[in-house]
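Biologist: Please explain how the terms used for this structure are justified.

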Amino acid sequence: MNARRVLAIDAGQSDIKVRVDDGTRREDLTFRGIHTGIPLLPQLADVVRETLARTGTDLDVVTAGISGLTDRDADADALLALVHADGVQATMLAHDSTTSFLGALGDRHGAVVAAGTGVVTLAVGETETARVDGWGWIMGDAGSGYWIGRAALDAVMRAYDGRGPATVLTEAALSRWPDLTQAYMALQADHDRVRVVASLAREVAAAADAGDAVAQDISRRAAHELASSARTAVRRVRTDEPAFDVCAIGGVFASRTLHDAFESELGEDLRLVSPRGVGIDGALALAEITPAHPLGAAVHRAGAI
């Protein structure tokens, strides 16, 4: 595989990270996140073409870990058809839970909770794998950046009405919507509303770490949801391991309040360990995954791989 020239994509809702590895050098780029309301594969094809134009690199393989990848979009043949004229000979697609796991733990057994705008947990045991959540902002993603931002807005409007305690999160909301009575209408009309709501997670983290009681409560509830997903995934794959490793990756865990609460909620038999790398590292590692690998069945392939 070292002779292959790989373009790896870590496609999230907030941003798309790209790494080009031609065997002699690596170059990283960042693009705007995927838009869930329009077809996915043309978006990825545009990223491939722009990367080629900006780096001047020839490619053999495109690999991609994609947030919320569905069966409808997991069509490696269709992506290859879109980029074959650009010199790409093979494509590999996987849900970002797979690439997050590969980036964080590699070939080790364990569980990875990847929490950014959305969240998904993947556990890999001796013989089984289990994915928990990752069901999107309408039906799931408990403890994600969107979940936290939505809870923040709920708290702000409760404070505005007098139904809840005052919070410094009101200032963060006012900086975006000076008239809070019109904020809900502005959000409903904003095609980028998921990303906008999730961006409030940064203010929640800062406010919680600074001592705001409302932000601390939101952070601890998010940690409870994330730890619950981790425990559930581990329970589904665990055999006789006395301890099981868990990695926590993604921007949500930048909050010290949330991170500490998450670790506390895991319990004594789940061991929080530092990740080896991040999602883009896993997207690049996808090029090494064979069908016989424990995660091989989760990878969609096309072309001469």
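The exchange below sets computed values against the definitions behind them.

Modeller: This is a predicted model, in which local features need pLDDT of at least 70 and side-chain atom pairs count only at pLDDT 80 or more, whereas totals for chains, interfaces and linings use all residues. Residues are numbered from 1 along each chain as its sequence is written, and side-chain values use heavy atoms, with hydrogens and water left out.

Biologist: What makes β2 and β3 a pair, and in which sense do they run?

Modeller: Strands (E, at least two residues) and helices (H or I, at least four) are DSSP runs, numbered from the N terminus. Two strands pair if DSSP finds at least two bridges between them. Strand β2 (residues 15–21) and strand β3 (residues 26–32) have seven bridges, in the antiparallel sense. D21 has R26 of β3 as its bridge partner. Four residues lie between the two strands of this hairpin, and G23 in the turn has a positive phi of about 95°.

Biologist: Why are β8 and β10 called edge strands?

Modeller: The open sheet has five strands in the order β8-β7-β6-β9-β10, with mixed pairing. β8 (129–132) and β10 (270–272) each have a single partner strand, so one side of each lacks a neighbour in the sheet. Within the sheet, β6 (residues 110–115) and β7 (residues 119–124) pair in the antiparallel sense over six bridges, and A114 stands opposite V120 in β7.

Biologist: Which residues make the contact between α5 and α9?

Modeller: Contact means heavy atoms within 4.5 Å. W147, I148, A151, A152 and A155 of α5 meet V214, I218, R221, A222 and E225 of α9. Helix α5 (residues 145–161) and helix α9 (residues 213–237) pack at about 145°, with axes 10 Å apart; axes are lines fitted to C-alpha atoms, for helices over the stretch in contact, and angles run from 0 to 180 degrees between N-to-C directions.

Biologist: How do you know that the span of α9 agrees with its number of residues?

Modeller: The expected span is 1.5 Å times one less than the number of residues. For the 25 residues of α9 this gives 36 Å, and the end C-alpha atoms are 37 Å apart, which agrees.

Biologist: What makes D212 a cap of α9?

Modeller: A polar contact is a pair of N or O atoms within 3.5 Å; within protein, one must be able to donate a hydrogen and the other to accept it, and residues adjacent in sequence count only if both atoms are side-chain atoms. A side-chain oxygen of D212 lies 3.3 Å from the backbone nitrogen of V214, and D212 thereby caps the N-terminal end of α9.
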